[in-house]
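Reader: Please show me the model, and then let us go through the terms used to describe it, one by one.

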Amino acid sequence: MDKLFSTILLLSLLLISIFILGTNCHEFSRRLSKKTMGLKRQKLSHLHFYFHDQVSGKNPTAIKICNTSVTGFGLLAMIDDTLTIGPEPNSKLVGRAQGVYAQSSLNDDSLLMVFNFAFVQGKYNGSSLSVLGRNSVMLPLREMPVIGGSGVFRFAYGYAQAKTYSYNVKTGDAVSEYDVYVFHY
């Protein structure tokens with residue numbers, strides 16, 4: 001009887017330590033509430049700006065890293081493009097588009113875009129949005145997913161629409177108008 005009692009007590013203590021005390025810093029995941037993360041009501045924001053992709057001149061904001069094909073397929077470029085309020089290059093700077101794009105289609109002028117909109121003005125200063133998607137540059141309107149963000153845009157998701165505002169065939173410089181619709185907390 002004492003042995004049975006000792007066994008039950010030992011098993012009980014073992015189960016208690018596994019189920020109640022089992023949470024430690026080595027666990028893989030755990031549930032969190034919005035409240036504990038400091039998340040409030042979700043907002044929908046609309047951002048409008050111009051994206052200046054300058055490949056020519058003394059200070060280009062986009063440089064080719066790799067281009068091994070005569071068709072352009074495989075081109076890889078690193079960007080640190082300016083984002084402005086208006087289409088003019090000297091318009092107020094609101095941020096930068098920083099990342100890479102690659103010509104990813106054999107059949108048309110489509111780019112794989114992987115970049116962050118890093119904002120430097122107003123309430124969005126220091127915050128960013130991450131974009132990853134296909135940009136078929138010859139279409140009048142293109143759409144790319146917003147897959148995340150930081151700062152004010154933590155837990156962000158949404159989409160960015162791009163329209164070519166101007167394109168210089170001789171230099172390759174382009175200005176695109178962006179409308180970004182993003183949910184965030």
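**Terms and the values behind them**

Author: A nonpolar patch on the surface is formed by L112, V114, L132 and I147, which together have about 310 Å² of accessible area. This is a predicted model, in which local features need pLDDT of at least 70 and side-chain atom pairs count only at pLDDT 80 or more, while totals for chains, interfaces and linings use all residues. Residues are numbered from 1 along each chain as its sequence is written, and side-chain values use heavy atoms, with hydrogens and water left out.

Reader: What makes L112, V114, L132 and I147 a patch?

Author: A patch takes residues with over 30% relative accessible area and no salt bridge (a side-chain nitrogen of Lys or Arg within 4 Å of a carboxyl oxygen of Asp or Glu), and nonpolar side chains are joined within 5 Å. L132, in strand β6 (residues 128–136), has 35% relative accessibility, and this value is over 30%, so L132 meets the area condition for a patch. The areas come from the Shrake-Rupley method with a 1.4 Å probe, and strands are DSSP runs of E with at least two residues.

Reader: Why does L132 count as partly exposed, and why is S128 called buried?

Author: Buried means under 20% relative accessible area, exposed over 50%, and partly exposed in between. The 35% of L132 falls between these limits, so L132 is partly exposed, whereas S128, which also lies in strand β6, has 14% and is therefore buried.

Reader: How do you know that the side chains of S128 and S150 make a polar contact?

Author: Such a contact is a pair of N or O atoms within 3.5 Å, one able to donate a hydrogen and the other to accept it; the side chains of S128 and S150 are joined at 2.7 Å, which is within that limit, so the pair qualifies by distance.

Reader: What is meant by the largest nonpolar core, and which residues have the most contacts inside it?

Author: A nonpolar core is a set of buried Ala, Val, Leu, Ile, Met, Phe, Trp, Tyr and Cys residues joined through side-chain atoms within 4.5 Å. The largest one has 28 residues, and F49, F115, F117, F119, L129 and Y178 have the most contacts inside it. Its largest share, five residues, comes from β5.

Reader: Which residues beyond four places in sequence does L129 touch?

Author: Counting heavy atoms within 4.5 Å as contact, L129 touches, among others, L47, F115, F117, F119, V146, V180 and V182.

Notes. Patch = residues over 30% accessible without salt bridge, like charges linked within 9 Å, V, L, I, M, F, W, Y side chains within 5 Å. Helix = DSSP H or I, 4+ residues; strand = E, 2+ residues; numbered from the N terminus. Buried < 20%, exposed > 50% of the residue type's maximum accessible area, 1.4 Å probe, protein only.
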